[in-house]
Amino acid sequence: MSSPARVDNLDMGATVWMIASTALVFLMIPGLGYFYSGMVRSKNALSLVFLCVMALAVVTVQWVLWGYSLALSETSSNGFIGDLGHWLFLDVDYRPHPNAPTVPGVVFATYQCMFAALTPGLAIGGAAERIRVLPTIVYTFIWTTVVYDPIAYWVWAPGGWLTKLGVLDFAGGCAVEIASGFAALAFYAVLGKRRGFGEEKWQPHNHLNIILGFAFLFFGWFGFNAGGASLVSGRAGIAFMTTNIAGAVAGIVWVALAYWQQRRFSSFHFCSGAVAGMVCVTPAASLVSTWAAFPMGAAAGLFCFSAVEVSLRLGIDDCIDVFAVHGVGGVLGVMLTGVFANKHVIGLDGVSSKGGLINGHAHQLLIQLAAAAASAAWSFGVSYLILRAMDCIPIFRFRVDAAAEDHGLDFTELGEAGYSFVRDLALAHAPVSRPHSLSKPLIAEAPTPPPGAAVANEVAAIQHPHDSRPMLKGSPSSGTVADLPSPK
């Protein structure tokens with residue numbers, strides 16, 4: 001049991017703002033699902049939304065059981081992981097946590113729960129269109145315990161070794177962005193490419209879903225970055241504005257680079273760029289002057305766009321670009337925080353800091369490098385080991401079989417469809433009693449090209465929304481929206 005803490009400095013305004021921010025971050029989770037669903041083929045769209053909202057449920061249980069205590073314990077005697085002093089939320093009540101001394105501890109713990117729930121959802125995108133649901137649910141629980149919780153403790157807990165080293169990471173550059181990006185890379189290393197990658201041509205099936213999901217993400221990111229900052233000192237306002245600026249600048253830069261390369265505009269280019277900018281500014285949100293969001297956003301647009309291009313040329317099948325945007329963007333943001341951190345901004349709350357390179361504190365860059373490297377290595381290494389170990393157990397085998405992958409995860413894993421016309425086509429080719437049955441192909445293969453095939457081939461030549469050049473050789477994949485006749 002922890003000793004009683006002073007509660008006479010609890011602030012109603014700060015408490016209300018953190019509760020509101022918790023709701024904002026909550027909206028990011030279904031928003032992430034919609035964002036991801038639009039990027040994949042229609043037969044897999046619903047499964048990604050489902051996995052994102054399931055992550056919220058699974059991590060909520062884990063967080064109350066022991067996740068919060070492991071990640072943010074203020075009584076642990078080691079620098080690696082928290083103790084179980086708060087398991088089952090024991091003593092998590094009105095008494096404040098040292099990281100949020102003006103709000104009740106239970107409000108702070110709930111706010112942090114949303115961060116923990118969002119992170120595995122980000123990583124799951126690295127395995128889109130080829131992953132089974134049951135192993136993913138179990139993996140989410142394990143991964144949050146042995147990957148997210150330790151990194152969060154290192155960076156944010158009072159006794160964390162990176163905290164003591166002096167790392168500057170305000171809202172999750174290490175625990176959220178780097179951890180999810182490198183976990184997604186581990187997914188690719190274990191599961192490999194999707195069937196047909198390199199032979200068939202695919203495209204995102206619903207750009208409206210992408211924009212809708214992006215809108216929820218952008219809206220929620222204001223709570224994500226500004227929710228833990230002080231209202232009175234103005235640092236919450238700084239975090240709010242740096243988030244907006246970085247997203248806007250990175251979106252513009254990404255669109256400009258894509259237009260220079262392809263000579264056309266794309267809504268998805270802007271959405272991807274804006275997300276990259278917000279990823280980059282996350283660790284620095286309330287630690288820098290607002291002007292610093294301009295170079296940080298520009299750098300995010302340039303480096304993350306380049307990372308996507310490199311991934312495509314190397315043949316890495318990360319259809320949602322989790323590693324390029326969150327992994328690379330997270331590392332870039334952590335390092336640029338060491339450049340632009342301003343001791344005067346940090347000092348608005350009465351906190352003493354030497355700042356970053358702009359204040360003449362070049363040593364901060366080494367601390368930031370240590371944090372980024374340790375987080376990336378731990379996330380990739382441990383994620384890879386968990387995936388390999390679970391994959392050896394038949395019931396927890398991650399990858400769906402070839403037939404299930406061809407038919408789509410919505411039918412084979414959920415028995416549902418995200419769109420009624422896809423469901424109707426499935427019912428036309430499967431037994432009525434089991435609409436997700438694999439006994440017959442869900443979508444028949446026509447022996448001759450259907451009317452309008454030339455148009456479909458031209459549209460389907462866009463393998464990846466970031467690259468208009470045909471990446472893959474062969475005909476469009478059967479089962480995509482482009483191949484289906486119009487519903488009557």
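The accessible surface of the protein adds up to about 19000 Å², and 68% of that belongs to carbon and sulfur atoms (Shrake-Rupley method, 1.4 Å probe; for residues, only the protein chains shown count as cover). The model is a predicted one, so to speak of local features takes a pLDDT of at least 70 and side-chain atom pairs count only at pLDDT 80 or more, while totals for chains, interfaces and linings use all residues. Residues are numbered from 1 along each chain as its sequence is written, and side-chain values use heavy atoms, with hydrogens and water left out.

Of the 488 residues, 56% count as buried (under 20% relative accessible area; exposed is over 50% and partly exposed in between, with a 1.4 Å probe and protein chains only). The secondary structure comes to 17 helices and zero strands (DSSP runs numbered from the N terminus: H or I of at least four residues for helices, E of at least two for strands).

Turning to pockets, the largest one holds about 1200 Å³ of space. Its lining takes in 49 residues, and the closest to the centre are Asn99, Phe170, Gly228, Arg235 and Val351. Helices that each supply at least two lining residues include α1 (12–39), α4 (133–156) and α13 (363–391). A pocket here is an open set of points on a 1 Å grid over the protein atoms alone, where a 1.4 Å probe fits, with protein on both sides within 12 Å along at least five of seven lines; lining residues have an atom within 4 Å of a point. Points are joined across faces, edges and corners, and the volume is the space filled by probe spheres set on them.

Arg235 also turns up in a salt bridge with Asp349 (2.9 Å, N to O). This pair ties together distant parts of the chain, with Arg235 in helix α8 and Asp349 in the loop between α12 (343–346) and α13, 114 residues apart. Arg235 is buried at 7% relative accessible area, whereas Asp349 is partly exposed at 34%. Nine salt bridges turn up in the whole structure (a Lys or Arg side-chain nitrogen within 4 Å of an Asp or Glu carboxyl oxygen).

Another salt bridge pairs Arg313 with Glu309, the closest N and O atoms being 3.9 Å apart. Both sit in helix α10 (residues 293–314), four residues apart, or about one turn. Arg313 counts as exposed at 59% relative accessibility, but Glu309 counts as buried at 8%.
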